[in-house]
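User: I am new to this structure. Please take one part of it and look at it closely. Then set that part in the wider picture.

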Amino acid sequence: MEESQNLHRRGVMFILSSPSGTGKTTIARRLLAEDGEIAMSVSVTTRPPRPGEVNGVDYYFVDQPEFARMVEAGELVEWAKVFGNNYGTPKAQIKAGLKEGRDFLFDIDWQGTQQLYQRMETDVVRVFLLPPSIEELEGRLRGRGTDSDDVIAGRMARARNEISHWDGYDYVVVNDDIDACFTKVKTILDAERMRRARQTGLVDFTRNLMVGGA
Ligand code: ADP
Ligand code: 5GP
């Protein structure tokens, strides 16, 4: 029993996307808090830090020349321009971590998702969260209390655009009840971890099973 739990596996690149206000941050925080094997993939960005954001935790904050150098040097596995700022995923931490069986959670937009899928298809799992209704989405944005009416109108317009990319994902989960949604997302992650192709320790494990015993 003990041995089967320690079977080596390759990590999962777990992409969680949603129209702004759906509940992605809430689900992501809970996943990071309750699941010891997944860590956030920390992106590089040229956007200035918001109050409370910490360099190396929320993002690696870099200037435009440094971002351009990273792109040129091939240090980013994907990158995109969102709202006039550049965002990208550093390659080194991901490649080493996946090999060691560590999972990464990605908060990236649909463009980044497409690029990651094109480059690392077998490692990527794409999950899209949807609100139960457009009225509920607006209610959540207002309820969060962080944005002005103008910003909310902009987020709603962008949300409609983001919803149109629903068919670029492997799983779609409606975030109606938060606990039910979290359980579904966690179930997807657990099942994906058990995919045969990711369980790199299976060759030795099954060989031992076949030769062992009476
Ligand atoms: P996102 O990261 O997708 O923009 P948040 O996680 O910040 O969204 O959630 C937006 C707001 O909706 C927050 O105030 C959050 O507490 C609330 N929320 C999230 N999920 C639910 C849910 N299932 N039911 C009701 N409110 C929710
Ligand atoms: P924010 O500035 O609000 O933190 O993020 C703005 C947008 O950029 C979000 O939609 C987020 O998903 C996206 N984003 C953050 N990091 C990356 C990244 O590394 N690559 C891509 N493609 N998008 C990202």
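The part to look at is the surroundings of ligand 2.

Analyst: Two notes on conventions come before the site. This is a predicted model, where local features need pLDDT of at least 70, side-chain atom pairs count only at pLDDT 80 or more, and totals for chains, interfaces and linings use all residues. Residues are numbered from 1 along each chain as its sequence is written, chains are lettered from A and ligands numbered from 1 in the order in which they are written, and side-chain values use heavy atoms, with hydrogens and water left out.

Now to ligand 2. Around it stand 15 residues, each with a heavy atom within 4 Å of the ligand. The nearest are Ser43, Arg47, Tyr59, Glu78 and Tyr87. Sorted by class, this shell holds 6 charged, 5 nonpolar and 4 polar residues. Here Ala, Val, Leu, Ile, Met, Phe, Trp, Tyr, Cys and Pro count as nonpolar, Asp, Glu, Lys and Arg as charged, and the others, Gly among them, as polar. Two strands, E5 (76-82) and E6 (85-90), each supply at least two residues of the shell. Strands are DSSP runs of E with at least two residues, helices are runs of H or I with at least four, and both are numbered from the N terminus.

Three side chains offer polar atoms to ligand 2. Glutamate 78 places one 2.7 Å from a nitrogen atom of the ligand. Aspartate 109 has a side-chain N or O atom 3.0 Å from a nitrogen atom of ligand 2. Threonine 89 has one 3.4 Å from an oxygen atom of ligand 2. On its own, ligand 2 exposes 520 Å², and the protein buries 88% of that. Such areas come from the Shrake-Rupley method with a 1.4 Å probe; for residues, only the protein chains shown count as cover.

Stay with threonine 89. This residue sits in strand E6. Is threonine 89 buried or exposed? Threonine 89 counts as buried because its relative accessibility is 0%. The cut-offs are under 20% relative accessible area for buried, over 50% for exposed, and partly exposed in between (1.4 Å probe, protein chains only). The side chain of threonine 89 also makes a polar contact of 2.6 Å with that of glutamate 78. A polar contact is a pair of N or O atoms within 3.5 Å; within protein, one must be able to donate a hydrogen and the other to accept it, and residues adjacent in sequence count only if both atoms are side-chain atoms. Leaving out residues up to four places away in sequence, threonine 89 touches nine names to look up, among them Ser41, Ser43, Glu78, Phe106 and Ile108. Contact means heavy atoms within 4.5 Å.

Next, the other ligand. Ligand 1 also has 15 residues around it, and the closest are Gly21, Lys24, Thr25, Thr26 and Asn175. Its shell has 8 polar, 5 charged and 2 nonpolar residues. Helix H2 (24-34) gives the most to this shell, with 3 residues. H2 and helix H6 (134-144) each supply at least two. A backbone N or O atom of glycine 21 lies 2.7 Å from an oxygen atom of ligand 1. For lysine 24, the backbone distance to an oxygen atom of ligand 1 is 2.9 Å. Arginine 140 brings a polar side-chain atom to 3.2 Å from a nitrogen atom of ligand 1. The protein covers 75% of the 570 Å² that ligand 1 has accessible on its own.

H2 also helps build the interior. The largest nonpolar core has 17 residues, and those with the most contacts inside it are Phe14, Leu16, Leu31, Val127, Leu129 and Val185. A nonpolar core is a set of buried Ala, Val, Leu, Ile, Met, Phe, Trp, Tyr and Cys residues joined through side-chain atoms within 4.5 Å. Strand E1 (13-17), H2, strand E8 (124-130) and helix H8 (178-193) each give two or more residues to this core. H8 brings the largest share, 5 residues. Beyond its close sequence neighbours, up to four places away, valine 185 touches Phe14, Leu16, Ile27, Leu31 and Leu129. Another core lies apart, with 11 residues, including Ile15, Phe104, Leu116 and Val124.

Last, the whole chain. It has 9 helices and 9 strands. Of its 214 residues, 42% count as buried. Its C-alpha atoms fill a box of roughly 70 × 45 × 30 Å along the principal axes.
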